[in-house]
Amino acid sequence: MNRGNPFNALSFKAPVEATKYTECAMTKKKRRSFRGAKVYQMAFANLGRNKKKTVLVVTSLALSVTLLNVLCSFVGGFDTEKYISQQTCADFIVSSTDYFRYNDADEYISEEIITEIQENTSETVSGSGYMTDMTTMVWMDTEQYKKIAVPYLGEEKLEEELEYYEKRGSEIKTPTILEGLDDALFEKVTVMDGELAPLFDENTHAIAIRVQTDDYGNVDHIECYPKVGDTLTMTYQRVYVIDSRTGGLADPATPEEYVELKEEEPREVDYTVCALVTVPYGMTFRYSGLGYDTILPAERMREDSGAEVIRKFYLFDTPDMEAENAAERYLADLTAGDTSTLMYESKASIRSEFEQFQNMYFLLGGVLCAIIGLVGILNFFNAIMTGILARKREFAVLQSVGMTNRQLKQMLVQEGLFYTAGSVVVAFLLSLVCGPLSGDMMEKMFWFCTYHFTILPVIAMLPVFAVLGCLIPAVLYQAGSRQSIVERLREAE
């Protein structure tokens, strides 16, 4: 019956169709090799035995390298000069502790201190910023003021405050911050619209409006500012807080019921807006109001207000790095000690703070890369070790038919190298894809970041992976090959 069934099945086939079932008809003649299988071919074929394990090991190793590459691109893209240029506009800014801590004072830095600094430092551009001791107010369109103030106060509180403001038609009188600058400092001012030349024309009354920008230099709410050529009426008025009992100036010990506000006759000046400008943060009063922030030359501010001006800070640039280092040492000694009322800000100190910030990101990212890399190495170690244990009988059989220890170790080492080489290739491809995407995201998140594509971390990991691919398989095989071939065959049985 066993012999009859095949013949019965074939009896229903046509003769031509029956030829397809002959073993010799469709068998391709195989080429006989006299050199035997290559070791690297055997190693590469072994990776395909468990494809899931191979993909897991290669992916885990590749992710750690890809993350390291993205981290280096991110931290390396931190632009120190871009950060410094927005944080300060001079090599050194010197003033009292009240200025840097936003406190009011009758004097911030004296002329004698500035003279002493000039005698002990080499300077190129230098100058000061000033304020007047008078109250400055400006007539401002009510609707424009609401657009500026609503995000900070809310509509309900804004309406309450507007009840106390002096009104004139569609305008209200609001406080303004007026800053005077020495002529030399105007070269550090960026003009967004208009020009600065009218500020220095004695026959005109021109004023510049300082606009607020975001971290990327874009003007916020440009529609809220007056246009170049508009007229702006500013009021200068001296206001005293007096003791009603004596008529003299009040002091902190004066009881509240005797404190009175005395106002002198206001002085109004009509200005023409000549420019909308941005002023570096380090060259301002370091705070802003809800009204317009205005800029005038210091001498013009003194003439128009009819009062003396108060110097807020002194800044200067140095000609070279040697002069900058010498000035840094001098100012450090000048401001040292608990009794000193002076402070200074320098590019060197800001650069040091930024480097600490950069190192923090690199440290945290490096720890994360190390953790993921350790997981990948453990997966690689586990793959090699389980492969050796699972193929112990196979290795013994191969050695029994003539494969040497050296060839077997070479096969395992090449398996490890295939793992690591595959990881590097995958990491390279992932870096090509993820690098530009993460770069665009980082530039949007951090204004001081300038992305530069790099593949150097992947290349730097090549020798590390080569060592791992050779060392781990060799050590594991050496530890498991202490038994003889016969003992391993018996153990496997």
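Helices here are DSSP runs of H or I with at least four residues, strands are runs of E with at least two, and both are numbered from the N terminus. The model is predicted.

**Exercise 1. Locate Y102 and describe its backbone and its exposure.**

Step 1. Find the place. Y102 sits in the loop between α6 (97-100) and α7.
Step 2. Read the backbone. Phi of Y102 is near 65°, a positive value in a residue other than glycine.
Step 3. Judge the exposure. Partly exposed covers the range between the buried limit of under 20% and the exposed limit of over 50%. Y102 has a relative accessible area of 47%, so Y102 is partly exposed.

**Exercise 2. Do the same for R286.**

Step 1. R286 is in the loop between β12 (267-278) and β13 (293-297).
Step 2. R286 is not a glycine, yet its phi is positive, about 70°.
Step 3. The relative accessible area of R286 is 9%. Buried means under 20%, so R286 is buried.

**Exercise 3. Give the overall make-up of the protein chain.**

Step 1. Count the elements. The protein chain has 16 helices and 15 strands.
Step 2. Look at burial. Of its 493 residues, 40% count as buried.
Step 3. Look at contacts. Take those in the protein chain with a separation of 6 or more: 83% of them join residues 24 or more positions apart.

**Exercise 4. Find which residues of α5 are buried, and how they are placed around the helix axis.**

Step 1. Helix α5 spans residues 80-87, and its buried residues are T80, Y83 and I84.
Step 2. Check their directions. They cover an arc of only 95° around the axis, so they are on the same side of α5.
Step 3. Find the partner. The buried residues of α5 pack against α12 (347-390).
Step 4. Inspect the start of the helix. D79 caps the N-terminal end of α5. A side-chain oxygen of D79 lies 3.2 Å from the backbone nitrogen of E81.

**Exercise 5. Place F448 and name what it touches.**

Step 1. F448 belongs to the loop between α14 (405-445) and α15 (456-480).
Step 2. With a relative accessible area of 6%, F448 is buried.
Step 3. Compare sequence and space. F448 and D79 are 369 residues apart in sequence, but their C-alpha atoms are 5.6 Å apart.
Step 4. List the contacts, leaving aside neighbours within four places in sequence. F448 is in contact with G77, F78, D79, K82, Y83, F354 and F357. One of these, D79, is the cap of α5. Another, Y83, is a buried residue of α5.

**Exercise 6. Describe how α8 packs with α9.**

Step 1. Two packed helices are described by the angle between their axes and the distance between the axes.
Step 2. Apply this. Helix α8 (residues 142-153) and helix α9 (residues 155-162) pack at about 125°, with axes 8 Å apart.
Step 3. Classify the angle. It makes α8 oblique to α9.
Step 4. Add the handedness. The crossing of α8 and α9 is right-handed.
Step 5. Name the residues. From α8 come Y145, K146, A149, V150 and L153; from α9 come E155, K157, L158, E159, E161 and L162.

**Exercise 7. Describe how α7 packs with α11.**

Step 1. Helix α7 (residues 111-120) and helix α11 (residues 321-334) pack at an angle of about 145°. Their axes are 10 Å apart.
Step 2. The crossing of α7 and α11 is right-handed.
Step 3. E116, I117 and N120 of α7 make the contact with Y330, L331 and L334 of α11.

**Exercise 8. Trace the surroundings of T335.**

Step 1. T335 is in the loop between α11 and β15 (342-346).
Step 2. T335 has a relative accessible area of 16% and is buried.
Step 3. Its side chain reaches the backbone oxygen of L331 at 2.8 Å. L331 also takes part in the contact of α11 with α7.
Step 4. Not counting residues up to four places away in sequence, T335 touches S340, L342, M343 and Y344.

**Exercise 9. Contrast two further loop residues, T254 and E202.**

Step 1. T254 lies in the loop between β10 (239-243) and β11 (259-263). E202 is in the loop between β7 (190-194) and β8 (206-210).
Step 2. T254 is buried at 11% relative accessible area, whereas E202 counts as exposed at 72%.
Step 3. Leaving aside neighbours within four places in sequence, T254 is in contact with D243, R245 and V259.
Step 4. E202 and R300 are 98 residues apart along the chain, with their C-alpha atoms separated by 8.7 Å.

Methods:
Residues numbered from 1 in each chain as written. Predicted model: local features only at pLDDT ≥ 70, side-chain atom pairs only at ≥ 80, totals over all residues. Heavy atoms only, no water. Buried < 20%, exposed > 50% of the residue type's maximum accessible area, 1.4 Å probe, protein only. Arc of directions from axis to C-beta. Contact = heavy atoms within 4.5 Å. Polar contact = N/O pair within 3.5 Å; in protein donor to acceptor, adjacent residues only side chain to side chain. Axes fitted to C-alpha atoms, helices over the stretch in contact; angles between N-to-C directions. Parallel < 35°, antiparallel > 145°, perpendicular 65-115°, else oblique. Left-handed = near helix turned anticlockwise from the far one by under 90°.
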